[in-house]
Amino acid sequence: MELAALTFFLFGGGFLFFFVLLPGIRIINQYERGVILTLGKYTGTRNPGLTWIIPIVQTMTKVDIRILTVDIPQQEAITKDNVPVGINGVVYFRVEKAEMVVLEIQNYKMAVSQYAQAALRDVIGSVELDSLLTERERIAEEIEKIVTTAVSAWGVSVSNIKIQDIELPADMKRVMAKQAESERERRAVIIRAEGELKASENLAAAAMKLATAPGGLSLRTLKTIEAINPDPSKTVIFALPVEVMQGIAAIGANFVGKK
């Protein structure tokens, strides 16, 4: 009897271990949460570590709570000023409430992607091309607000949305290149005109100072003559105005007076 009882105990313990305890053992990683359904009804969320569920009676769905990325495939949209553009982006999001992404929506990753695509087309259609090209960050933030409001009901939190590429029609690229070239030429003309104005002001101030200084204009003329280095085979003839000769005479008179 004792042997039979021991055999029955070992057999029953082995059956319990291999068919009840062992199949119910689960390991939840640090970056996961386990959503438990008991007879189809939500009964709790398990934290990371070793856990056990009742086989057949309970099921556990693991949910990754790390930051996930979903690409927004290129979308064809028309801006407010009727320019067709192709634009794509990327969504960064994470699960805040594991039980909600299991109970409230079937495939939350696809849902986030689809909603981001729709929001992207809506926002692009409400802005002009210039704003789209120069205010990309602001537009991305506007799309992020729209998507965040919708997916929060699924237990998902959007951390960031980035617009990656904006593709313009070929003829629009040529027009923008010509516009940029015209703008550069306009700036060059303005800078050159400002430089000439500044130079003329300096020349006028120098002429006034030379005119008021005794013999100043004559010294400047002699300095210019000295700087000229003509070809030895050629003869350079200068016609000096009377004012220059009078200036030279005035310089000589001042020099003699100082002696």
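**View 1. The surroundings of D64, a buried residue in a predicted model.** In this predicted model, D64 has a relative accessible area of 19%, and because buried means under 20%, D64 counts as a buried residue. D64 belongs to strand β5, which is made up of residues 58–64. The side chain of D64 is joined to the side chain of R66 by a polar contact of 2.7 Å. When residues up to four places away in sequence are not counted, D64 touches Y31, V95 and Y108.

**View 2. The largest nonpolar core of the chain.** This core holds 38 residues, and the members that touch the most other members are F93, L132 and I143. At least two residues of the core come from each of the strands β6 (68–78), β7 (84–95) and β8 (156–167), and likewise from each of the helices α2 (98–103), α3 (108–124), α4 (129–134) and α5 (136–151). Helix α3 gives the largest share of the core, with eight residues. In soluble globular proteins, nonpolar side chains tend to be buried together.

**View 3. L132 and its contacts.** L132 is one of the core residues that touch the most other members. If its neighbours within four places in sequence are left aside, L132 is in contact with T79, V85 and I87, with I124 and V127, and also with I139 and I166.

**View 4. Helix α5, its length and its two faces.** Helix α5 has 16 residues, and at 1.5 Å a residue they should span 22 Å, which agrees with the 22 Å that separate its end C-alpha atoms. Which residues of α5 are buried? They are I139, A140, I143, E144, V147, A150 and V151. These buried residues cover an arc of only 140° around the axis, and therefore they lie on the same side of α5. They pack against the helices α3 and α4 and against strand β8, whereas the face of α5 turned away from this buried side carries the exposed residues K145 and T149.

**View 5. The whole chain, as a setting for the close-ups.** The chain has eight helices and eight strands, and 26% of its 259 residues count as buried. Among contacts between residues at least 6 apart in sequence, 61% join residues that are at least 24 apart. The chain exposes about 18000 Å², and carbon and sulfur atoms supply 60% of this area.

Methods:
Residues are numbered from 1 along each chain as its sequence is written. This is a predicted model: local features need pLDDT of at least 70, side-chain atom pairs count only at pLDDT 80 or more; totals for chains, interfaces and linings use all residues. Side-chain values use heavy atoms; hydrogens and water are left out. A nonpolar core is a set of buried Ala, Val, Leu, Ile, Met, Phe, Trp, Tyr and Cys residues joined through side-chain atoms within 4.5 Å. Buried means under 20% relative accessible area, exposed over 50%, partly exposed in between (1.4 Å probe, protein chains only). Helices (H or I, at least four residues) and strands (E, at least two) are DSSP runs, numbered from the N terminus. Contact means heavy atoms within 4.5 Å. The expected span of a helix is 1.5 Å times one less than its number of residues. The arc is that of the directions from the helix axis to the C-beta atoms. Accessible areas come from the Shrake-Rupley method with a 1.4 Å probe; for residues, only the protein chains shown count as cover. A polar contact is a pair of N or O atoms within 3.5 Å; within protein, one must be able to donate a hydrogen and the other to accept it, and residues adjacent in sequence count only if both atoms are side-chain atoms.
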